[in-house]
Amino acid sequence: MHTVDNPGYPTEGNDMRKICFLLTIVVCFLAFAAIEGGAADPKLPEIGGKPALASVNGEPVTLHEFYNVLASIHEGVSDNSAKAHSSPSAILERIINAKLILQEARNIGLDSLTEVTAAVKAYEEESLRGMLYGERVKNVKKGDKKEIDRLYRETVKEVKVKSVLMEKEETGKRLEAEVKSGRDFESAAKRMLDAGEAKGSLEGRYMKFESLSPDVAAAVSSMKAGEISPLIKVGNHYSMLKFEGVRYPDDPAAKEKAGMEALKAKRVVVLGKYSEELKKKYVKVNGKILDGLDYDSIQPGFEKLLEDKRVVAKVKGEAPVTVADLTTALQRKFFHGAEKAAEKKKINKRKPVVLDEILARRVALKEARLKKLDRAEFFKTRVDGYRNELVFGTFVRKAIDPEIKVDEAEIREYLKGHIAEYTTPEMMRMDSIAFHKRADAEDAVEKLRKGADFIWTKENADGRVDPAKAENLLRFGGTMIVTELPEGARKAVSGATGGDFRIYSEAEGPAYVLYVREVFPPQPQKYESVKDGIRQKLFLDKRQRTLRDWEEKLRKASEVKIYATGDKLDRIVKPLAR
């Protein structure tokens with residue numbers, strides 16, 4: 001059992017999220033089918049026609065239930081303790097304890113709360129739609145080749161350009177005028193680069209097309225090799241470039257991603273057509289009433305339309321969609337107020353779209369029920385699991401959390417006893433120069449200690465390693481946590497103060513001159529900055545202990561029978577867990 005605060009099912013109008021949801025349904029269905037087909041130990045008793053690992057006050061813990069929890073743990077979604085227990089017996093114990101809590105929650109009526117029943121109803125509907133859609137696209141296993149190629153080329157496309165960037169528009173216009181008068185772009189741009197009026201490169205380099213600014217990308221898209229762009233405004237600067245060509249590097253990962261995106265897109269199209277088929281089959285829209293609804297007008301106003309029972313659309317064999325239904329859905333679309341949206345004449349444009357969303361949901365649910373998907377064991381198991389998650393979480397929030405208190409004294413006492421956890425580590429702001437030989441590094445350090453300029457030394461000293469040509473060169477730059485440095489480097493800078501130079505080298509590899517620019521000693525964090533985090537930790541610890549106390553109390557008052565433990569449980573579950 002585990003709690004879920006946000007069910008996360010998709011909303012209408014978001015095709016990608018719908019696809020992800022239905023894929024989850026398909027994967028879960030296949031996993032369920034595998035469990036269903038697995039061989040259970042014949043020595044297990046059957047309760048309600050299913051093999052049971054245990055019973056809690058007569059309610060079985062079935063083998064299927066065990067595997068649903070096991071699967072959720074493997075997915076990284078489990079209750080607040082299951083991750084700490086990996087053995088089958090420990091997992092079974094957690095399920096039993098969770099069932100005790102669930103039974104208590106149902107006894108006090110938490111499963112009947114509107115917040116729970118509404119959430120379960122919504123989950124049921126989304127699950128049914130997911131199953132219906134999953135069935136429809138299960139044989140769509142590959143996207144269209146042209147779409148895959150298009151997406152792939154868009155992703156990997158690189159353009160080769162020579163470009164310069166200028167701060168002043170007048171400088172850019174002068175360059176543009178020179179090029180238009182017939183002067184060679186490279187020579188004109190080089191003159192400005194040499195004069196410090198522009199920055200950039202005339203060597204020509206390939207850049208990812210998708211990394212270009214929108215204005216530059218638009219200009220490059222319409223250019224042929226050898227052409228010069230007009231002056232382009234890029235943020236607060238101005239640019240001109242020469243387009244030299246395009247290439248499409250081989251990238252297997254990008255190709256795979258393009259395939260997945262194309263597959264999703266194809267499934268969206270298939271489901272869109274399917275939805276239209278269902279609407280033609282079951283729906284009749286009252287166009288006169290729909291067209292007559294003016295949500296952008298002050299009259300009659302949203303409040304009256306929220307009570308309007310006129311029928312906008314009939315769904316064969318189902319409740320009709322009324323003006324009130326449509327108005328409620330529209331109101332939800334405009335989080336900042338329907339009245340403001342009406343003033344800006346936005347709502348009428350959304351009217352047919354929102355009605356279409358409502359109808360798509362209605363007809364999908366109707367079709368799913370006609371196909372009896374709501375009677376599938378997979379569906380029932382999934383919904384029962386979700387309901388249990390909600391009820392369990394509701395019990396924790398309503399029966400446990402209100403009784404937990406964490407005062408300032410506890411927070412300060414905890415901080416006092418764990419001060420090392422709330423102390424910033426020692427840090428150093430550093431720079432470095434790598435040398436091929438230690439002797440050259442020692443010579444550089446001697447000169448630096450006598451007053452040589454570090455930047456000059458880094459760029460000109462003899463024996464330096466060229467960072468552009470070296471592989472696996474360590475970088476000591478910026479503010480670094482001392483404990484995260486290599487062991488030899490930690491020893492080298494131990495006890496250093498701001499302005500010190502130290503040498504670090506291993507048996508093989510370069511010797512590094514480490515310039516410790518500034519040292520930041522460990523500092524205890526201020527109480528105000530850590531108290532909320534400590535409060536939350538103490539709260540969760542108390543919640544865990546209180547939950548364990550509840551489980552222990554309920555277990556003593558309950559009848560719990562376990563039919564498989566230890567080696568026997570391992571023999572039953574491990575073959576199916578592979």
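This is a short walk through a sheet and a pair of helices in a predicted model. Residues are numbered from 1 along each chain as its sequence is written, and side-chain values use heavy atoms, without hydrogens and water. As the model is predicted, local features need pLDDT of at least 70 and side-chain atom pairs count only at pLDDT 80 or more, while totals for chains, interfaces and linings use all residues.

Let us start with the sheet. Four strands (DSSP runs of E, at least two residues, numbered from the N terminus) form an open sheet in the order β5-β4-β7-β6, with antiparallel pairing; two strands pair if DSSP finds at least two bridges between them. At the edges are β5 (199-208) and β6 (232-234), each pairing on one side only. From one strand to the next, the twist averages 40°; angles run from 0 to 180 degrees between N-to-C directions, with axes fitted to C-alpha atoms, for helices over the stretch in contact.

Next, look at β4 (residues 158-166) and β7 (residues 237-247), which pair over 9 bridges. Here Val-161 stands opposite Phe-243 in β7.

Helices (DSSP runs of H or I, at least four residues) join the picture too. Helix α7 (residues 185-194) packs on the sheet and touches β4, β5 and β7, where contact means heavy atoms within 4.5 Å.

Finally, turn to helices α15 (residues 377-400) and α20 (residues 527-556), which pack at about 105° with axes 11 Å apart. They are therefore roughly perpendicular to each other, a term for angles of 65 to 115 degrees. Among the residues that meet are Phe-392 and Phe-395 in α15, and Leu-547 and Trp-550 in α20.

Technical notes. Angles under 35 degrees count as roughly parallel, over 145 as roughly antiparallel, 65 to 115 as roughly perpendicular and the rest as oblique.
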